[in-house]
Amino acid sequence: MSTPPPKTPPAPKDVAEIERALTRISYLVSRARQHDRLMAVAGVPLDRAATALLRQIADSEPMRPGELANRLAVEASHVTRQVQQLQKAGYVTRVPDPDDRRAQRIELTATGEEAVDRIREASIRGMRMALGNWSAEELQQLAGLFHRMVDDFLTYSFEEEGEEGAAEPVPSA
């Protein structure tokens, strides 16, 4: 018989509301139907995993598949399969790693860059419609807070094995 984990103190109301809002946002943006609509508008026939991988590659320097897996918090084998499919479709290519000629990095091709641009344009159009009544100041504040939150999530993970509620640094990718 397993022992239930120790009870944690209730989260402050504002933290609980943020978690609730993030859960709702995550659900809305991860729905298959939403992704299919976005891909139709962008004219790009990619699944959600391939889209996430392409966007991550576009947002960084070429990197090794293992680094991509770390950044996306998925298994390396998952990235390897996706990269193979994207390479066959002409969206990415493998280039030698200048730090280690035995290793390879993944970078976008011109086709991949065009696909990411079209996906972003379609996504931004949707965001503009949803946030059309927000002031420039509100949008700037929201963007800054989102970036800060993502950076903090990438810097710290909450481990059940550690001290309750203590943050432990996550190795940077």
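**A walk from the core to the strands**

Let's begin in the middle: the largest nonpolar core of this predicted model holds 23 residues, and V44, L46, L54, L86, Y91 and V92 have the most contacts inside it. Which elements give two or more residues to this core? They are the helices α2 (32-42), α3 (48-58), α4 (65-72), α5 (76-88) and α6 (110-130), together with strand β2.

V44 is a good residue to look at next. Leaving aside neighbours within four places in sequence, V44 is in contact with M39, Y91, A115, R118 and I119. One of these, Y91, is also among the core residues with the most contacts.

Now follow the chain into helix α3. At the N-terminal end of α3, D47 acts as a cap, with a side-chain oxygen 3.2 Å from the backbone nitrogen of A49. Further along, A50, T51, L53, L54, Q56 and I57 are the buried residues to find in α3. As you look at their positions, keep one idea in mind: an α-helix has 3.6 residues a turn, so residues three or four places apart point the same way. What do the buried residues of α3 pack against? Their partners are α2, α4, α5, β1 (92-97), β2 and α6.

Pause at Q56, which sits in helix α3. Is Q56 buried or exposed? Q56 counts as buried because its relative accessibility is 17%, and the cut-off for buried is under 20%. Not counting neighbours within four places in sequence, the residues that Q56 contacts are M63, L68, R71 and L72.

From the helices, move on to the strands. β1 and β2 run antiparallel and are joined by six bridges. A hairpin of two residues connects β1 to β2. To see one pairing for yourself, find R94 and look across to its bridge partner in β2, I106. When you trace a strand, remember that in a regular strand the side chains alternate between the two faces of the sheet.

Our last stop is R105, which lies in strand β2 (residues 100-108). Why does R105 count as buried? Its relative accessible area is 19%, and because buried means under 20%, R105 falls within that class. Where does the side chain of R105 find a polar partner? One of its polar atoms lies 3.4 Å from the backbone oxygen of P62. Setting aside residues up to four places away in sequence, R105 touches P62, M63, R64, T93, R94, V95, D97, P98 and D99. M63 is worth a second look, since Q56 of helix α3 is in contact with M63 and R105 touches M63 too.

Note on methods. Residues numbered from 1 in each chain as written. Predicted model: local features only at pLDDT ≥ 70, side-chain atom pairs only at ≥ 80, totals over all residues. Heavy atoms only, no water. Helix = DSSP H or I, 4+ residues; strand = E, 2+ residues; numbered from the N terminus. Buried < 20%, exposed > 50% of the residue type's maximum accessible area, 1.4 Å probe, protein only. Polar contact = N/O pair within 3.5 Å; in protein donor to acceptor, adjacent residues only side chain to side chain. Contact = heavy atoms within 4.5 Å. Core = buried A, V, L, I, M, F, W, Y, C linked by side-chain atoms within 4.5 Å. Pairing = 2+ DSSP bridges.
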